[in-house]
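Colleague: I am new to this structure. Please show it to me, and then I will ask about the terms.

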2 protein chains.
Amino acid sequence: MTETSVILERAKTASLEAPLSSEKKNAVLLNMADALIHHTEDILAANEIDLVNAKGKISDIMLDRLLLDERRIEAMAEGIREVAKLRDPVGRVISETSRENGLIIQKVSVPLGVVAIIYESRPNVTSDAAALCFKSGNVCVLRSGKEAFSSAFAVVSALKCGLKKSGVSEDYVNLVEDTTRDSANTLMTSNGYVDLLIPRGGKGLISACVQNATVPVIETGTGICHIYVDKAADLEKALNIVDNAKTSRPSVCNAAEVCLVNRDVADKFLPMLSERFKNRTEIRGDKEVCSIINATPATDGDFDTEFLDYIMAVKVVADVKEAVNHISKHSTHHSESVITEDSSAAEYFTSRVDSAAVYVNCSTRFTDGGEFGLGCEMGISTQKLHARGPMGLNELNTYKYIIHGNGQIR
Amino acid sequence: MTETSVILERAKTASLEAPLSSEKKNAVLLNMADALIHHTEDILAANEIDLVNAKGKISDIMLDRLLLDERRIEAMAEGIREVAKLRDPVGRVISETSRENGLIIQKVSVPLGVVAIIYESRPNVTSDAAALCFKSGNVCVLRSGKEAFSSAFAVVSALKCGLKKSGVSEDYVNLVEDTTRDSANTLMTSNGYVDLLIPRGGKGLISACVQNATVPVIETGTGICHIYVDKAADLEKALNIVDNAKTSRPSVCNAAEVCLVNRDVADKFLPMLSERFKNRTEIRGDKEVCSIINATPATDGDFDTEFLDYIMAVKVVADVKEAVNHISKHSTHHSESVITEDSSAAEYFTSRVDSAAVYVNCSTRFTDGGEFGLGCEMGISTQKLHARGPMGLNELNTYKYIIHGNGQIR
């Protein structure tokens, strides 16, 4: 039996224990937050090991993501305290029916059970994911990328101290110690032990999980988000929205990558966009775009690329119909926006674009658990089963039917 | 490009068409029902081919499942008419929030897109599945078992006539003509074309889909259902419930396979059960059971078998805790029932048993879309993601967020 299987056995056992009350869970979360602060020195020492190992091997942006300091640990603890304040998703009666035969059928929210999360280098994912799973009644099995393993280990050790101090099983939060592919493969194929696998990271990781997992997976993250500037758009509004969606934080999944411009307004809008992006953001335009403004000629691949950078692919389209067709072929079904003052164009767009979040006259950057009022999120689902868009605490629950009778037979 | 890929391309295109109104969908469903009746002769002739081919190769029970007659075709048509009467699941505003920044965020139900269904020999599944998918706004790609292919082809041809007569695309309902493993494998791995794959059939089919599919799958059907007779049970009630759950229709997934009896009442209850089952239903008992009544000694495997027959595995347990532990190890998470007049034992059982439907004092046979008031069902999900228990029209929808703004940026 591998170390990962042993952890899964313990996780499964913990998941079958009596559900904790909301009060108890919240008290435990506060103890977990305190424990993080209390172990600041250990965590920083462990993080130093990761940083030294990683130096020269990963980009500066990635190094910065990996870096912890007192302020960041304080922020992680504060994140856990915020989760403690959220409403408990477990035990909601989603619906209740009384049948003619006297049966009372309740549909009640319950935890999924064991949630496995495979993620990359950000150490704060460790505490965020642990807190969200714990609050939603789930047992988590975390598998950090190897670059961040020492930090993740120190964070989980601290969280386990918080669990222990609260008098509950330390097995609610688990970290897989094997950072090779073996452990990822075990998590992907442990049917009966893993109720949900959430990959959080790049396209390669997510696609490996989708291709190889036999346990249920929720795809998260990849975002080739589009903005369509309609002929009935308020062009000033459009300009601010496209600029914000592209440049306010290009490295995140809800940043826009592609702008589709209606031919009727292209002559006017493209020069405005070119002026706004000048020296700061590269426009890769199709032939028609390049005939109107100075732009890098786009390759076909540019319309299927999540740049995560100051680059935007831009294309001229005839109408909202062509825009919707383009999106249906190239989108990752994350977030798309239409900019128009024409309500029938907006309605055409929102009813046909098959993405988690479809916007009218605002930035795609709003696809986020906090912005949607969920209080937090475990990731942005880009698939259609179970959860779509930001996954908050409710989305980390399933339901069961509880039926009370008095001897009914069929 | 294989024939199956061509069908998937057409299905995808149809799924991107403008959504039909409820009125239109209902009118089309009535035309589909009429077309079935109108093509009765063709369907019976095709069914005759399947029956002749199957004779001697499959059991009499399976032959009966395969058999169509006028009455059964009328029932299939009536089934479609019933679906027309149900509430349209598409376009429900599941929630709506206004944010401080003025964004209005609606969570709206939408079809999944393309739903593929791999099933075995019952021809009525063809029309049921087509009707449920159509009503829920989905395009279906059906893959019948080869034993029932001629019948399925004739049924789908009739349904397509109904679609054509209604002036909508015939591509809403599709049948894969290749009945080899190739087509099943294509459906399992066509990410981007198949939004949901539902296997309906035996354990082998379901497990092949779970192991090999890269598209999202919902596991249905396998039911090793348990009834626990507590020490505080009303034993007459218990007897009627166990008898009903086991023998009213042993071949279905919500039939009980295992009975767990509290030691305190075993001496009294087991002879009652033995007397009720006499000459009709075999009891396979553990050692303790066999020391109290005449029963076939159970093997370990008997507690992990979906008999689908007049056979029940019976075991004595110390208390509700041991019953719950046994169920957690052996259940397929379909339906379990506790028989007790003690509300704390009932609460212990319902809060810890991790199954789609958990009953108190009634038969497991009620796990059914009709009995739950859903009006119909596509199958019983035994997994936790997306849908659990009977899957009705709502469960054949996903949702998307539609967000209206007025220039908001982040």
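Colleague: What makes α6(A) mostly covered?

Modeller: Buried means under 20% relative accessible area, with exposed over 50% and partly exposed in between (1.4 Å probe, protein chains only). Eleven of the 13 residues of α6(A) are buried, among them Val125(A), Leu132(A) and Phe134(A). The model is predicted: local features need pLDDT of at least 70, side-chain atom pairs count only at pLDDT 80 or more, and totals for chains, interfaces and linings use all residues. Residues are numbered from 1 along each chain as its sequence is written, and chains are lettered from A in the order in which they are written.

Colleague: How do you know that the span of helix α6 of chain A agrees with its 13 residues?

Modeller: The expected span is 1.5 Å times one less than the number of residues. For residues 123-135 that gives 18 Å, and the end C-alpha atoms are 19 Å apart, which agrees.

Colleague: Why is the space of about 80 Å³ called a cavity?

Modeller: On a 1 Å grid over the protein atoms alone, a cavity is a set of points where a 1.4 Å probe fits but cannot get out; lining residues have an atom within 4 Å of a point. Two cavities of 30 Å³ or more are counted, and the largest has a volume of about 80 Å³. Its lining includes Val324(A), Ile327(A) and Ser328(A), together with Lys12(B) and Leu16(B).

Colleague: Which residues line the second largest cavity?

Modeller: Among them are Lys12(A), Leu16(A), Ile327(B) and His333(B). That cavity holds about 50 Å³ of space.

Conventions
Side-chain values use heavy atoms; hydrogens and water are left out. On a 1 Å grid over the protein atoms alone, a cavity is a set of points where a 1.4 Å probe fits but cannot get out, and a pocket is an open set with protein on both sides within 12 Å along at least five of seven lines; lining residues have an atom within 4 Å of a point. Grid points are joined across faces, edges and corners, and a volume is the space filled by probe spheres set on the points. Helices (H or I, at least four residues) and strands (E, at least two) are DSSP runs, numbered from the N terminus.
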